[in-house]
Amino acid sequence: MPKIIDHDQRRSDIVDVTWDLIIQGGIEAATMREIAAAAGFANGALKHYFPSKEDIIEATYVRALDMMREYVKLDGLRGLAALRELCVSSMPIDAERITAGRVLLTFWQMSLSNRKLHDKYLEHIRSWRGLLHRYLTEGREDGDIVTETPDEQLVDEVVLINAGANVMSLVAGEFSTVPLQHRHLESFLDRLTRP
């Protein structure tokens with residue numbers, strides 16, 4: 001009787017291995033040869049599950065995003081409360097989120113020279129910015145957000161605060177401690193409630 005292979009599980013295992021290699025040694029460590037060896041495959045066997053290294057990195061990136069989404073608890077929240085939850089949840093405030101940030105940083109690096117990965121990141125960023133705009137609009141409707149600063153500028157600030165915190169937590173953690181991140185974010189959110 002032929003052995004039944006769970007292809008989805010194999011793909012997930014390959015992503016697990018890639019995740020670990022990136023965490024241990026960055027993108028340079030996640031070569032096709034190393035991924036295959038760590039996953040227990042012959043080098044060419046990966047092609048049955050992922051056509052290219054970029055596809056493996058993209059799947060690993062999607063896992064990092066999915067992990068970050070699991071932290072966001074927006075049930076019943078809107079406006080300023082939803083904005084705060086979204087912002088706090090996406091900051092590198094614990095070991096798992098810092099690790100996810102390391103994978104995201106690798107993806108950002110690769111997306112600089114790969115149009116497909118770049119477009120994938122832009123798709124995510126546009127979706128995230130859309131949510132930020134939505135919660136700012138709701139906050140203004142509810143009367144909680146009264147700043148005269150235009151929403152587009154506020155969205156830019158949130159994105160820059162988050163991206164900066166993620167990068168700094170990896171390369172200079174003493175300048176991006178969890179208390180410091182919270183202070184910056186609360187300062188930003190407090191400004192929203194004042195004209």
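# Getting to know an all-helix model

User: Are H5 and H7 roughly parallel or roughly perpendicular to each other?

Analyst: Keep in mind that this is a predicted model. The axes of helix H5 (residues 95-111) and helix H7 (residues 151-171) come within 9 Å and cross at roughly 105°. Angles of 65 to 115 degrees count as roughly perpendicular. H5 and H7 are therefore roughly perpendicular.

User: Which residues in H7 meet the residues of H5?

Analyst: Let's start from the H5 side, where Arg97, Ile98, Gly101, Arg102, Leu105 and Trp108 take part. The residues of this contact divide into 5 nonpolar, 3 polar and 2 charged. On the H7 side, their partners are Asn166, Val167, Ser169 and Leu170.

User: Is Asn166 buried or exposed?

Analyst: Asn166 is found in helix H7. Beyond its sequence neighbours within four places, Asn166 is in contact with Ser90, Pro92, Arg97, Gly101 and Trp108. Its C-alpha atom is 8.3 Å from that of Leu105, although the two are 61 residues apart in sequence. With a relative accessible area of 5%, Asn166 is buried.

User: What does Asn162 touch, not counting residues up to four places away in sequence?

Analyst: Asn162 also has its place in helix H7. A relative accessible area of 9% means Asn162 is buried. Not counting residues up to four places away in sequence, Asn162 touches Ser90, Met91 and Trp128.

User: Let's look at the whole protein for a moment. How many helices does the protein have?

Analyst: Reading along the sequence gives the pattern α-α-α-α-α-α-α-α. The count of strands is 0. The number of helices is 8.

User: What share of the 195 residues in the protein do buried residues make up?

Analyst: For a sense of scale, the C-alpha atoms fill a box of roughly 70 × 40 × 30 Å along the principal axes. Among contacts with a separation of 6 or more, 68% are between residues 24 or more positions apart. Buried here means under 20% relative accessible area. Of the 195 residues, the buried share is 42%.

User: How many residues of helix H4 are buried?

Analyst: Helix H4 covers residues 79-89 and is mostly covered. Its buried residues are Gly79, Leu80, Ala82, Leu83, Leu86, Cys87, Val88 and Ser89. They pack against H3, H5, helix H6 (115-142), H7 and H8. Out of 11 residues in H4, the number buried is 8.

User: On to the aromatic rings. Is the pair of Phe41 and Tyr49 stacked or tilted?

Analyst: The count comes to 3 aromatic pairs, and this is one of them. Both Phe41 and Tyr49 are buried. Planes under 30 degrees apart count as stacked, over 60 as edge-to-face and the rest as tilted. The ring centres of Phe41 and Tyr49 are 5.6 Å apart and the planes stand at 45°, so the pair is tilted.

User: And is the pair of Tyr61 and Phe107 stacked or tilted?

Analyst: Tyr61 lies in helix H3 (residues 53-71) and Phe107 in helix H5, so this pair ties together parts that are 46 residues apart in sequence. Tyr61 counts as buried at 1% relative accessibility, and Phe107 is buried at 0%. Their ring centres are 3.5 Å apart with planes at 10°, so the pair is stacked.

User: Which residue's ring has the charged end of Arg97 sitting over it?

Analyst: Arg97 belongs to the H5 side of the contact with H7. Its charged end sits 3.7 Å from the centre of a ring. That ring belongs to Tyr71.

User: Which residues is Glu96 in contact with, leaving aside its neighbours within four places in sequence?

Analyst: Glu96 is found in helix H5. The C-alpha atoms of Glu96 and Arg11 are 21 Å apart, with their positions 85 residues apart in sequence. Leaving aside neighbours within four places, the contacts of Glu96 are Met67 and Tyr71.

User: Last one: is Pro195 buried or exposed?

Analyst: Pro195 lies in the segment after helix H8 (178-192). Outside its neighbours within four places in sequence, Pro195 is in contact with Val146 and Thr147. Its C-alpha atom is 8.6 Å from that of Ile145, 50 residues away along the chain. At 78% relative accessibility, Pro195 counts as exposed.

Conventions
Residues are numbered from 1 along each chain as its sequence is written. This is a predicted model: local features need pLDDT of at least 70, side-chain atom pairs count only at pLDDT 80 or more; totals for chains, interfaces and linings use all residues. Side-chain values use heavy atoms; hydrogens and water are left out. Axes are lines fitted to C-alpha atoms, for helices over the stretch in contact, and angles run from 0 to 180 degrees between N-to-C directions. Helices (H or I, at least four residues) and strands (E, at least two) are DSSP runs, numbered from the N terminus. Angles under 35 degrees count as roughly parallel, over 145 as roughly antiparallel, 65 to 115 as roughly perpendicular and the rest as oblique. Contact means heavy atoms within 4.5 Å. Ala, Val, Leu, Ile, Met, Phe, Trp, Tyr, Cys and Pro count as nonpolar, Asp, Glu, Lys and Arg as charged, and the others, Gly among them, as polar. Rings of Phe, Tyr and Trp (its six-membered ring) pair if their centres lie within 6.5 Å; planes under 30 degrees apart count as stacked, over 60 as edge-to-face and the rest as tilted. Buried means under 20% relative accessible area, exposed over 50%, partly exposed in between (1.4 Å probe, protein chains only). A charge sits over a ring if NZ of Lys or CZ of Arg is within 6 Å of the ring centre and within 35 degrees of the ring normal.
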